[in-house]
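Okay, thanks everyone. I've got one model to walk through today, so let me put it up on the screen.

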Amino acid sequence: MNGLPVAYQMRAAIDADAAARVALHDIVWAGDGGGPADVREAGSRPRGALVVEYDGDIVGACGSRDLLLGLPGPLGGVRAVAVEGLTQVGVHPDHSRRGVLRAMVGSHLEWTRASGRTLAVLKASEPGIYGRFGYGMASVAALTSFPAGTKWTAPQGIVDLAEATHTAMATAEPEHAERLYAVWSACANVHLGMVARSVEDIARTTRDVPELRVGKEPRRLMFATREGVDVGFAWFRRDGAWSAGRPAGTVDVTWFVGVDQGARLALMRRLVDLDLVTSVVNWVAPDDPLVTWLGSPRALDARTTDSVWLRIADLPAAVAERGYAAPCDLRIEVRDHVIPANDGVWRVVADATGIGRAERTDGAPDLTLDIADLGACWLGGQTIGARAEAGFVVEHRPGAVLALDAALRTLTLPAQAADF
């Protein structure tokens, strides 16, 4: 099954596997996560979880998170769609390069299609792994350090929104999950590439476990409200460091969500003004307004890395689910060696209203690409033109690359997406 050697068996995970999954996680990630067993085992049971056994031992495991993703809508809009988030993927070092990972990823994609979802996403621990399974690097993020007291020169309309926004701190608790999800899901309908986690995931993640933070402060929340309505939040921790008798603390921001730029500005203004803090470390998109408002990124210690990897699981359904920025009518040869149902030549049409469809067709293609190339461009994080320039997309009819590139273009780069 799925190319696994005869000695291996793959099956759906059950509750009784939790302790073994935790033990496998510690071996794969070279450490002991610590903390109460019930907390660690609860986190080891994501939906759609699979395990691979060898001689009675669990040597591979993976699962999925129930997520919302801000997808391009018609003519520059954004709309939230439900996607599957591959997570907690691990193979015992003694069983690597035997097809275990390939089997698990293939089954996860089959399960995604059977669940009626067109897209699977993940955060990659190593970037060289998932491209061979048809995932494309769909967004990037910059780990950015904003010095304490940073001043942003935002336009007056955004400043007015920020000044009308109230911020207040609280210690994060699972009881905040519904409140956080309400804001997060709203943002996924506004911000391209935003990934919103489920209420269940938020509640699990915000549970404070002193043994896991080892003397660090509990995670804090900062809510942003306007006229009594939540419009954003930040989930963060301060380290309280001192150097040569002077405060040298940093704020490490993990989740940063705002329904509009006024809410985001209000949150960042407050974070860089916290006492005993010298910098605020936050993940942002390279074209984030928080960078643009500075005029130049020179003062920021920014390091860019891959963020979301996206896999199209059901091509015709995904084409219909996404919106387009310009009309196109192209015959596209798609190579997909993992999901045969996606492989072949498709006529992809987007009309003047930004609505698209795909259907199988005969005849010579206008261009040829891999399913991973589409995944890389699906959120606007890369362009078809750049993929063609790099040699990954082959044009057979002049103008085909330009037409598909224009149809898939987005107004901004995808937002930074929280880990899952």
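I'll start with the whole chain and then go into two groups of strands.

First, keep in mind that this is a predicted model. On secondary structure, the protein chain has 13 helices and 22 strands. The radius of gyration is 22 Å, close to the 22 Å from the globule rule for 420 residues, so the chain is as compact as a globular protein of that length. If you look along the principal axes, the C-alpha trace spans about 70 × 60 × 40 Å.

So what's inside and what's outside? Of the 420 residues, 51% count as buried. The chain exposes about 18300 Å², and carbon and sulfur atoms supply 53% of that area. As for charges, there are 42 positive and 51 negative ones, and their mean positions sit 2 Å apart.

And the contacts? Take those in the protein chain with a separation of 6 or more: 72% of them come from residues 24 or more positions apart.

Okay, now zoom in on strand β17, residues 309–312. Which way do its side chains go? W309 and R311 point one way, L310 and I312 point the other way, and all of them are buried. Yes, that includes the arginine, R311. As background, side chains in a regular strand alternate between the two faces of the sheet.

Who does β17 pair with? One partner is strand β5, residues 119–122, which runs antiparallel to β17 and is joined to it by 4 bridges. Within that pairing, V121 has L310 as its bridge partner. Then there's strand β6, residues 136–137, also antiparallel to β17, with 2 bridges. Here G136 is the one whose bridge partner is L310. So if you want a single residue to click on, try L310: it is bridge partner to V121 and to G136.

Next, further along the chain, there's an open sheet of 5 strands. What's the strand order? It goes β20-β19-β18-β21-β22, and the pairing is mixed. The edges are β20, at 356–360, and β22, at 394–395, each pairing on one side only.

Let's finish at the β20 edge. Its neighbour β19, residues 344–350, pairs with β20 in the antiparallel sense, over 5 bridges. If you'd like a landmark there, V348 stands opposite A358 in β20.

That's the tour. Happy to rotate the model if anyone wants another look.

Notes
Residues are numbered from 1 along each chain as its sequence is written. This is a predicted model: local features need pLDDT of at least 70, side-chain atom pairs count only at pLDDT 80 or more; totals for chains, interfaces and linings use all residues. Side-chain values use heavy atoms; hydrogens and water are left out. The radius of gyration is taken over C-alpha atoms; the globule rule is 2.2 Å times the number of residues to the power 0.38. Buried means under 20% relative accessible area, exposed over 50%, partly exposed in between (1.4 Å probe, protein chains only). Contact means heavy atoms within 4.5 Å. Accessible areas come from the Shrake-Rupley method with a 1.4 Å probe; for residues, only the protein chains shown count as cover. Lys and Arg count as positive and Asp and Glu as negative; His and the chain ends are not counted. The place of a charge is taken as NZ of Lys, CZ of Arg, CG of Asp or CD of Glu. Two strands pair if DSSP finds at least two bridges between them.
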